[in-house]
Amino acid sequence: MDTKTFRCAWISVDLSGELGGWELLFREETLEENLSILHFTLQAEQEQTPPKLTLSFRWPQKDIQVRWTPGLPAIHHLFPYWWNGGWIRSGLCCNAPVFVYLNLEGENRLAYACSEASETVLTHTGPTEESVIINTLALFQDSCLPVSRRAFSIRIDRRAIHYSEVLSGISQWYEELYPPLPVPKEARFPLYSTWYQFQREVTAEHLERELAEAAECGLKTVILDDGWNCTGPTIPGTFAHAGDWKAAPEKFPDMPGHIRKAHALGLRYLVWFPVPYIGNQAGNDFARFREKFLFRKADCGILDPRFPEVRAYLEEQYERFVREWDLDGLKLDFLDAFQLPESDPAAAEKNSGRDFRSLPDAVSELLRSIAARLRRIKPDILIEFRQKYIGPAMRPFCNLFRGADCAMDLLENRVRTIDLRLLSGGTAVHSDMLIWPAEDTPETAALQILNVIFSTPQISCMLTTLPPDHRKMLKFWMDFCLRHLPTLQESPLRPEHPELSYPLVTAFGKEETITAVYLTGMIVPLHSGKPHIILNATHSGELLIDAEKPVSLRCFNVFGEEIASTVLSAGINRIKVPPSGFVLCG
């Protein structure tokens with residue numbers, strides 16, 4: 001085992017591995033004071049597989065109480081070095097190698113990100129009993145292609161600034177490495193999803209009644225989720241019918257006609273596909289590809305995209321549906337199922353017709369080609385990926401990131417969408433689907449929306465059975481999301497206290513400021529100079545507002561109806577505001 005130490009003015013980095021014939025070069029690029037990029041380059045005279053490397057450095061724990069990373073579960077606590085086995089995996093279809101250590105006021109103390117966002121990176125990080133943060137990154141752990149040169153970088157930020165600014169800089173850095181797919185404005189419009197309320201029991205007849213109500217409530221897009229291609233009883237989580245890509249005639253006898261009806265209502269239409277799966281009920285497709293699986297499950301196989309005919313099959317299927325059904329986009333699901341088994345079949349079979357050795361490279365090529373082919377048909381095509389496959393290396397292939405499933409858990413939905421906003425740049429961020437009991441008050445139901453207000457809400461209630469006051473509430477807030485979209489979704493975001501699940505979040509728009517209060521007792525600093533909207537996303541009937549000088553205030557209820565007005569005095573004001581209502585200051 002070879003170990004080399006590289007010294008900067010402020011840190012020492014150790015790199016270990018079986019270097020053999022590899023030469024290891026190092027260069028520090030200083031962007032500004034306390035912000036550097038450490039560049040490492042492996043060089044060899046002949047092409048060979050890059051060695052497995054371990055990079056490590058230590059940092060004093062001084063004034064560090066919180067850790068931010070985009071993985072799941074979305075908990076931003078300062079876990080010790082050995083927590084949960086220690087190693088945190090990232091890669092093309094799994095999170096991102098980004099870690100920020102900060103204090104309780106949100107001020108950065110140490111942040112680092114690795115340029116290797118496509119290949120697997122294992123990170124082992126956290127404080128020890130010696131009050132030191134240990135940071136260890138293991139690179140090139142999977143089978144990599146032989147090369148004569150391989151470079152990677154670590155961006156390290158020690159600036160004492162708010163952690164959200166640090167993450168914005170990291171996101172912009174990644175955009176240079178992985179240029180993102182263009183994001184049409186429609187990607188941010190509120191939408192209706194069929195999943196939670198229908199599950200797999202969805203039909204055109206029932207859905208069309210729902211879509212008429214969805215359009216009336218201000219929703220602009222529909223996602224038809226699982227169930228459109230299978231009939232009869234099915235076991236949740238099984239994919240026996242995946243790959244048999246025909247609309248179930250008992251449910252959708254005329255799919256093109258059904259989609260035309262949605263378009264006539266002004267709705268865009270996306271359809272769900274579980275990309276890696278082919279089920280054992282899929283007839284010829286299953287038999288055709290049974291020797292081209294990464295591995296088999298009881299009811300299906302996981303396709304190996306390293307075969308060119310596998311990629312061609314998937315690409316042709318999606319292109320066919322977009323053309324024949326006039327789809328506006330696709331929900332491409334379960335990309336994280338593309339995983340190598342313990343024994344890679346390519347190793348035993350000497351590739352056996354595969355044109356890629358690297359699975360991440362093959363998945364990237366598949367997704368790149370899908371996006372390119374679909375954008376040639378419709379340049380504004382919408383493509384949704386779901387957490388955990390939301391890292392920077394995925395942004396070139398989609399324009400929608402959705403928070404992972406957390407049905408009815410508004411707090412988790414808030415954290416997941418804010419996490420995604422912080423690292424996803426201009427890629428549209430969507431909530432997990434929202435569902436609530438019809439027995440709730442409109443104020444309580446509205447909390448589901450307010451907790452994801454800085455993302456695109458996906459509504460998954462049975463709208464035709466919602467009480468009239470719920471539909472009135474929904475219509476107002478969907479209109480609010482559209483009217484204030486540039487501020488809510490495209491402006492700089494400052495979420496406070498990640499360790500407390502973001503109890504106070506502010507978006508700074510060009511024409512206005514919007515703050516959401518999620519915890520009773522939080523004091524909102526009033527930003528003067530432009531209108532400031534403050535949302536009361538609590539059960540409490542009051543807000544605490546700190547004004548620098550007297551300012552006018554108007555108060556609104558959950559339906560957007562003005563119910564009071566007053567003038568704030570300089571200093572901290574205790575203002576009565578209905579739960580799920582808001583105030584407009586200035």
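**Leu-38 and its sheet**

I began with Leu-38 and found that Ile-154 in β12 stands opposite it; I note at once that the model I am reading is a predicted one. I then looked up the two strands named β4 and β12, and found that β4 (residues 35–48) and β12 (residues 147–157) pair in the antiparallel sense over ten bridges.

Next I traced the sheet that holds this pair, an open one of six strands with antiparallel pairing, and wrote down its order as β3-β4-β12-β9-β8-β6. Its edges are β3 (23–32) and β6 (66–68), and because each has a single partner strand, one side of each is left without a neighbour in the sheet. From one strand to the next I have an average twist of 15°. I also looked for a helix against these strands, and found that α1 (residues 163–177) lies across β4, β6, β8 (98–102), β9 (108–114) and β12, while running at about 20° to β9.

**The hairpin of β1 and β2**

I turned to the start of the chain, where β1 (residues 2–7) and β2 (residues 12–17) pair in the antiparallel sense over six bridges. These two strands form a hairpin, with four residues between them. For one point of reference within the pair I took Thr-5, whose bridge partner in β2 is Asp-14.

**The parallel sheet**

I then followed an open sheet of eight strands with parallel pairing, and recorded its order as β22-β21-β20-β19-β15-β14-β13-β23. The edge strands here are β22 (428–430) and β23 (458–459), each of which pairs on one side only. Within this sheet I checked β14 (residues 221–224) against β15 (residues 268–274), and they pair in the parallel sense over four bridges, with Val-271 in β15 as the bridge partner of Leu-224. Helix α3 (residues 204–216) packs on the sheet, where it touches β13 (191–193), β14 and β15, and its direction makes about 155° with that of β13.

**α3 against α4**

Since α3 had come up, I looked at how it meets α4 (residues 255–264), and found that their axes come within 10 Å and cross at roughly 5°. That angle is under 35 degrees, so α3 is roughly parallel to α4. On the α3 side the residues in contact are Ala-204, Leu-207, Glu-208 and Leu-211, and they meet His-258, Lys-261 and Ala-262 in α4.

**Ala-138**

I chose Ala-138, found in strand β11 (residues 132–139), and asked whether it is buried or exposed. Its relative accessible area is 5%, so I count Ala-138 as buried. Leaving aside neighbours within four places in sequence, I listed the contacts of Ala-138 as Leu-53, Thr-54, Trp-87, Thr-120, Val-121 and Leu-122. I also looked up Leu-519, which is 381 residues from Ala-138 along the chain, and the C-alpha atoms of the two are separated by 39 Å.

**The chain as a whole**

Last I wrote down the overall values, beginning with twelve helices and 33 strands in the chain. For 586 residues a compact globule would have a radius of gyration near 25 Å, and the chain, with 25 Å, agrees with this. The C-alpha atoms fill a box of roughly 75 × 65 × 40 Å along the principal axes. Buried residues make up 60% of the 586, and the accessible surface comes to about 23,000 Å², with 50% of it belonging to carbon and sulfur atoms. Of the contacts between residues at least 6 apart in sequence, 69% join residues at least 24 apart.

Notes: Residues are numbered from 1 along each chain as its sequence is written. This is a predicted model: local features need pLDDT of at least 70, side-chain atom pairs count only at pLDDT 80 or more; totals for chains, interfaces and linings use all residues. Side-chain values use heavy atoms; hydrogens and water are left out. Two strands pair if DSSP finds at least two bridges between them. Contact means heavy atoms within 4.5 Å. Axes are lines fitted to C-alpha atoms, for helices over the stretch in contact, and angles run from 0 to 180 degrees between N-to-C directions. The radius of gyration is taken over C-alpha atoms; the globule rule is 2.2 Å times the number of residues to the power 0.38. Buried means under 20% relative accessible area, exposed over 50%, partly exposed in between (1.4 Å probe, protein chains only). Accessible areas come from the Shrake-Rupley method with a 1.4 Å probe; for residues, only the protein chains shown count as cover. Angles under 35 degrees count as roughly parallel, over 145 as roughly antiparallel, 65 to 115 as roughly perpendicular and the rest as oblique.
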